[in-house]
Amino acid sequence: MKFIPYGKQHIDQDDVDAVVETLRSDFLTQGPTVPLFEEKISKYSGAKYCIAVSNATAALHLVALSLLKEGDKVLTTPNSFLATSNAILYAKAKPIFIDIKKDGNIDLDLCEQKLQEDSTIKAIFGVAMTGLMEYKNRRRLRACNRCKR
Ligand SMILES: Cc1ncc(COP(=O)(O)O)c(C=O)c1O
């Protein structure tokens, strides 16, 4: 049977050396590598700020706490790991699942339809499964758009 890889990481010798160097250093949690990493990701992504956290769940939790308040309705995708909808629930907000298209991404036409039906929806949490997903934020929704690893 031929497998089509869903995603494949790229780890070269430089990456391995950097991890080994950190493991042998005095800092296994915070330390000089963390701000360096944040600075490089900021530059790479063009983001003004960057905060390194332990995993994707923690990152989504922070995003949800910063964008949402109790009772907010959030459009999101059922085609993701639990962390996506859990982050919304951690902020005491309400996930509303919107179906996906053939490419695996949330169906933005269905989102638009839902937004027209319900003007109290506050945010959209999408996951780009198969490449970048662009949401034209005409309604000034709060948005969390991220790429699957
Ligand atoms: C789309 C997506 N979001 C979040 C997570 C959670 O990632 P982490 O284990 O880094 O918290 C996963 C894990 O598989 C994922 O696939």
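Q: Before the ligand shell, which residues count as nonpolar, charged or polar here?
A: Ala, Val, Leu, Ile, Met, Phe, Trp, Tyr, Cys and Pro count as nonpolar, Asp, Glu, Lys and Arg as charged, and the others, Gly among them, as polar. The model is a predicted one.

Q: And by class, what does the shell around the ligand have?
A: Four nonpolar residues, four polar and one charged.

Q: Which of the nine residues around the ligand come nearest?
A: N55, A56, T57, F81 and A83.

Q: Which helices each supply at least two residues of that shell?
A: Two of them do: α3, covering 56–67, and α4, covering 82–90.

Q: Zooming out, how many helices and strands does the chain have?
A: There are five helices and four strands. Read from the N terminus, the order is α-α-α-β-α-β-α-β-β.

Q: What share of the chain counts as buried?
A: 17% of its 149 residues.

Q: And what part of the contacts with a separation of 6 or more comes from residues 24 or more positions apart?
A: That part is 38%.

Q: Now α2. What should it span, and what do its end C-alpha atoms give?
A: Helix α2 takes in residues 33–45, which is 13 residues, so at 1.5 Å a residue the expected span is 18 Å. The end C-alpha atoms are 18 Å apart, in agreement with that.

Q: Is α2 largely in the open or buried?
A: Largely in the open, because the number of buried residues among its 13 is zero.

Q: What follows α2?
A: G46 does, and its phi is positive, near 80°.

Q: Which residue has a positive phi although it is not a glycine?
A: K92, with a phi of about 60°. K92 sits in the loop between α4 and β2.

Q: Why does K92 count as partly exposed?
A: K92 has 13 other C-beta atoms within 10 Å. A residue is exposed at 12 or fewer and buried at 20 or more, so K92 falls in between.

Q: Switching to D107, where is it found?
A: D107 is in the loop that runs between β2 (94–97) and α5 (108–117). D107 is partly exposed, because it has 16 C-beta neighbours inside 10 Å.

Q: What is D107 in contact with, leaving aside neighbours within four places in sequence?
A: I98, D99, I100 and K101.

Q: How far apart are D107 and G126 in space?
A: 9.8 Å, C-alpha to C-alpha, while in sequence D107 and G126 are 19 residues apart.

Definitions and conventions: Residues are numbered from 1 along each chain as its sequence is written. This is a predicted model: local features need pLDDT of at least 70, side-chain atom pairs count only at pLDDT 80 or more; totals for chains, interfaces and linings use all residues. A residue is near a molecule or strand if its C-beta atom, placed from the backbone, lies within 6 Å of it. Two residues are in contact if their C-beta atoms, placed from the backbone, lie within 7 Å. The expected span of a helix is 1.5 Å times one less than its number of residues.
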